[in-house]
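Reader: I am new to reading protein models. Could we go through this one step by step?

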Amino acid sequence: MQYIDNVIFLILLVAGFGLFAKSLLKIYRNIQLGKEINRSDKKSERWETMARVAMGQSKMVKRPVAGILHLFVYVGFIIINIELIEIIVDGIFGTHRFLSSIFGHAFYSFFTATLEVLALLVIIGVVVFFIRRNFYGVKRLTMKELFGWPKHDANWILIIEFALMIAFLKMNTADWALQQRGLLPEHGSFPISSTLLGPIFSNFSDGFLFFTEKAAWWFHFVGILFFMNYLYYSKHLHIILAFPSTWFANLDKKGKFNNLESVTKEIKLMMDPNADPYAAPAEGAESDVPSKFGAEDIFDLNQVQLLNAYSCTECGRCTSVCPANITGKKLSPRLILMKTRDRLEEVGKNIDKNGKFVDDGKKLLNDYITKEELWACTTCNACTEACPILLDPLSIIFEMRRFLVMEQSAAPQELNLMMTNVENNAAPWQYNQADRLNWAND
Amino acid sequence: MDFNIKTMAEYAAEGKAPEVLFWVGCAGSFDDRAKKITKAFCKILNKIGVEFGVLGQEESCTGDPAKRAGNEFVFQMMALTNIEVLNAYEVKKIVTACPHCFNTLKNEYPSLGGHFEVVHHTQFLKTLMEEGRLKIEGGAFKGKKITFHDPCYLGRANNEYEAPRILLEKLDAELVEMKRCKTNGLCCGAGGAQMFKEPEKGNKDINIERTEEALSFEPKVIATGCPFCNTMMTDGVKHFNKNEEVAVKDIVELLAEADDL
Ligand code: SF4
Ligand code: SF4
């Protein structure tokens with residue numbers, strides 16, 4: 001019977017990580033629904049970008065308050081989860097503070113003290129974030145596009161992180177108090193919990209302290225598993241996906257939009273006076289012509305765009321600098337990504353249910369993202385500049401415009417006029433190309 | 001006429017090639033306001049003796065507005081035609097006063113077979129200044145407040161924030177920066193083919209929002225580096241009835257004025 005703890009622990013551990021792996025695989029599968037895109041060039045620059053932007057948070061600090069607090073939570077949370085190693089070993093083998101036997105007394109004290117300070121910083125960060133988000137009225141965090149789940153999601157995460165850190169400190173305090181009474185061997189140093197909670201805990205009975213230590217330990221452990229599995233349903237996936245997203249980020253100049261190769265071929269053929277327009281297409285040429293220009297649904301987007309949709313933190317830095325959004329238009333780059341993710345999830349569920357995708361009569365275009373939003377974009381790249389993890393909502397907008405124009409001829413009338421002019425007069429206005437040099441003489 | 005314009009065809013007939021091709025662009029060729037920018041730039045080049053050619057009737061739209069609107073066919077038709085012409089003249093270096101032309105020629109033409117060195121007119125003039133060929137005396141603008149509106153397609157799209165500012169500083173003016181400048185600049189509202197259509201419904205037009213910000217500094221001049229920004233800001237200034245007090249001018253117009261050209 002004495003192993004019952006360890007067995008329960010092991011079951012939870014395996015189930016927790018198993019479920020988590022399952023979620024990750026599902027995300028991976030869904031991302032694979034997109035078109036392949038080659039972003040394997042410039043590897044060293046990609047590693048460097050990921051290190052700087054995702055690990056180094058170089059873009060976060062552009063907004064200093066949020067940036068610093070985020071840094072607390074991020075660094076704190078990551079390092080505190082080194083604890084997880086200790087928890088796992090202790091949990092499986094029934095040891096107590098396993099790392100102390102490896103680290104040695106002095107270093108283990110330093111280690112635990114650091115974790116304590118970080119835990120406190122995380123708590124501070126989380127509390128301030130909660131206040132900012134709910135009471136302080138930062139516009140991008142209180143916009144109505146966040147009503148419902150996105151708002152609750154953000155709050156839940158803050159609450160979970162808060163609870164985890166409190167459990168961590170509680171555990172340490174109980175441990176410390178028991179060490180003071182000589183009931184546990186002396187391991188580690190606990191500057192924060194001993195001063196913050198220590199005075200209260202010193203009134204507790206031995207039994208209650210033992211119980212508290214164990215309970216907080218379990219809570220911390222189960223909490224982490226829960227948190228991990230919660231990620232899949234949350235914008236907090238970014239704590240994992242920010243890394244691949246920055247690695248696969250677009251490294252070209254922001255102004256460079258991709259050229260469709262299939263179109264090039266066709267136009268070269270048109271322009272070539274020697275080409276025989278009636279000639280049978282060369283072997284294999286058919287497959288060169290894409291089934292579709294631009295994007296109507298998630299299947300037409302590329303895999304990096306879909307990865308972006310899962311990575312978006314919904315922080316709204318993009319939307320808060322978007323000229324269209326600032327001036328009251330319907331476009332919000334954040335929503336473009338959120339809706340892409342919603343649609344992607346819907347398609348994923350459809351596949352889970354049916355084994356493969358069965359047409360559900362819906363599309364990303366119109367059912368999720370409207371033309372009005374798409375046409376409001378000035379392609380100014382303010383959103384891509386602002387995004388702390390280098391996501392690219394503009395590329396999705398652009399691909400969907402392509403679909404509207406090239407597949408549906410559904411551009412606004414004035415734009416059709418402009419395009420006709422470009423085609424016929426080589427200028428967006430109705431002037432004659434022969435008059436192009438008239439400015440020199442008037 | 002106080003400036004000379006020579007076409008690439010004329011140069012070719014003489015068996016010569018100019019130092020640089022000046023890509024005028026559609027706005028610069030046809031829009032009445034933008035034509036003044038074109039001329040100011042030519043005057044400066046003429047004065048300091050930079051040999052440049054234009055394509056004239058052989059120039060077509062780069063295809064930028066069609067591309068941003070989503071029409072890849074029309075874009076590539078323009079691009080491939082232009083590339084053919086440019087390659088026929090063996091053009092090496094292109095300068096343009098329009099950031100949209102600049103961006104397209106520089107970034108989107110290479111994969112279609114058009115490899116040129118492309119510079120924005122502010123970059124070109126900055127280099128000429130550093131080489132000592134262009135001298136800038138700022139007398140006319142001494143101490144006057146100027147604010148610069150970053151064109152998205154020069155700034156964020158291509159990371160060029162310094163060249164326009166370096167030129168403006170030489171005018172001895174008081175350069176005031178808007179809160180939204182450089183990487184945080186706010187679009188004038190014309191990019192992405194918005195110039196050619198009515199804006200979507202909202203509370204405000206983008207150019208009004210931007211002009212409001214610029215005017216809050218009570219500048220004498222709002223400097224621009226893009227013919228489309230110029231139009232948008234000019235309309236904005238008119239909207240606020242400030243067109244008497246505040247001028248909207250391209251940087252080359254300011255430089256030409258400083259030089260009394
Ligand atoms: S590129 Fe489009 S979506 Fe992004 S900030 Fe500019 S206008 Fe908004
Ligand atoms: S796209 Fe980037 S900036 Fe916009 S909400 Fe998502 S994470 Fe934030």
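Author: Start with a definition: buried means under 20% relative accessible area, exposed means over 50%, and partly exposed lies in between. Keep in mind that this is a predicted model.

Reader: Is Lys204(B) buried, exposed or partly exposed?
Author: The relative accessible area of Lys204(B) is 27%. Buried requires under 20% and exposed requires over 50%. Lys204(B) therefore counts as partly exposed.

Reader: Which residue forms a salt bridge with Lys204(B), the closest N and O atoms being 2.8 Å apart?
Author: Side chains of opposite charge can pair when their charged atoms come close. Lys204(B) belongs to a salt-bridge network that includes Arg180(B) and Glu209(B). The partner at 2.8 Å is partly exposed, at 36% relative accessibility. That partner is Glu212(B).

Reader: How many residues apart in sequence are the parts that Arg334(A) and Glu145(A) tie together?
Author: Arg334(A) and Glu145(A) form a salt bridge, with the closest N and O atoms 2.7 Å apart. Arg334(A) lies in helix α17 of chain A and Glu145(A) in the loop between α7 and α8 of chain A, so the pair ties together parts whose separation in sequence is 189 residues.

Reader: Are Arg334(A) and Glu145(A) buried or exposed?
Author: The cut-off for buried is under 20% relative accessible area. Both Arg334(A) and Glu145(A) are classed as buried.

Reader: Which helix supplies the largest share of the nonpolar patch?
Author: The patch has an area of about 600 Å², and its residues include Val127(A), Phe162(A) and Tyr136(A). Helices α6 and α8 of chain A each supply at least two of the patch residues. The largest share is 4 residues, and they come from α6(A).

Reader: How are α6(A) and α8(A) oriented to each other?
Author: Their axes come within 9 Å and cross at roughly 155°. The crossing of α6(A) and α8(A) is left-handed. Angles over 145 degrees count as roughly antiparallel. The orientation of α6(A) and α8(A) is therefore roughly antiparallel.

Reader: And how are α3(B) and α11(B) oriented to each other?
Author: The axes of α3(B) and α11(B) come within 8 Å, crossing at roughly 50°. Under 35 degrees would be roughly parallel, and 65 to 115 roughly perpendicular. The orientation of α3(B) and α11(B) is therefore oblique.

Reader: How far apart in space are Tyr28(A) and Gln303(A)?
Author: Tyr28(A) sits in helix α1 of chain A. In sequence, Tyr28(A) and Gln303(A) are 275 residues apart. In space, C-alpha to C-alpha, Tyr28(A) and Gln303(A) are separated by 9.8 Å.

Notes. Residues are numbered from 1 along each chain as its sequence is written. Chains are lettered from A and ligands numbered from 1 in the order in which they are written. This is a predicted model: local features need pLDDT of at least 70, side-chain atom pairs count only at pLDDT 80 or more; totals for chains, interfaces and linings use all residues. Side-chain values use heavy atoms; hydrogens and water are left out. Patches are made of residues with over 30% relative accessible area and no salt bridge: like charges are joined within 9 Å, nonpolar side chains (Val, Leu, Ile, Met, Phe, Trp, Tyr) within 5 Å. Accessible areas come from the Shrake-Rupley method with a 1.4 Å probe; for residues, only the protein chains shown count as cover. A salt bridge is a side-chain nitrogen of Lys or Arg within 4 Å of a carboxyl oxygen of Asp or Glu. Axes are lines fitted to C-alpha atoms, for helices over the stretch in contact, and angles run from 0 to 180 degrees between N-to-C directions. A crossing is left-handed if the near helix is turned anticlockwise from the far one by less than a right angle, and right-handed if clockwise. Buried means under 20% relative accessible area, exposed over 50%, partly exposed in between (1.4 Å probe, protein chains only).
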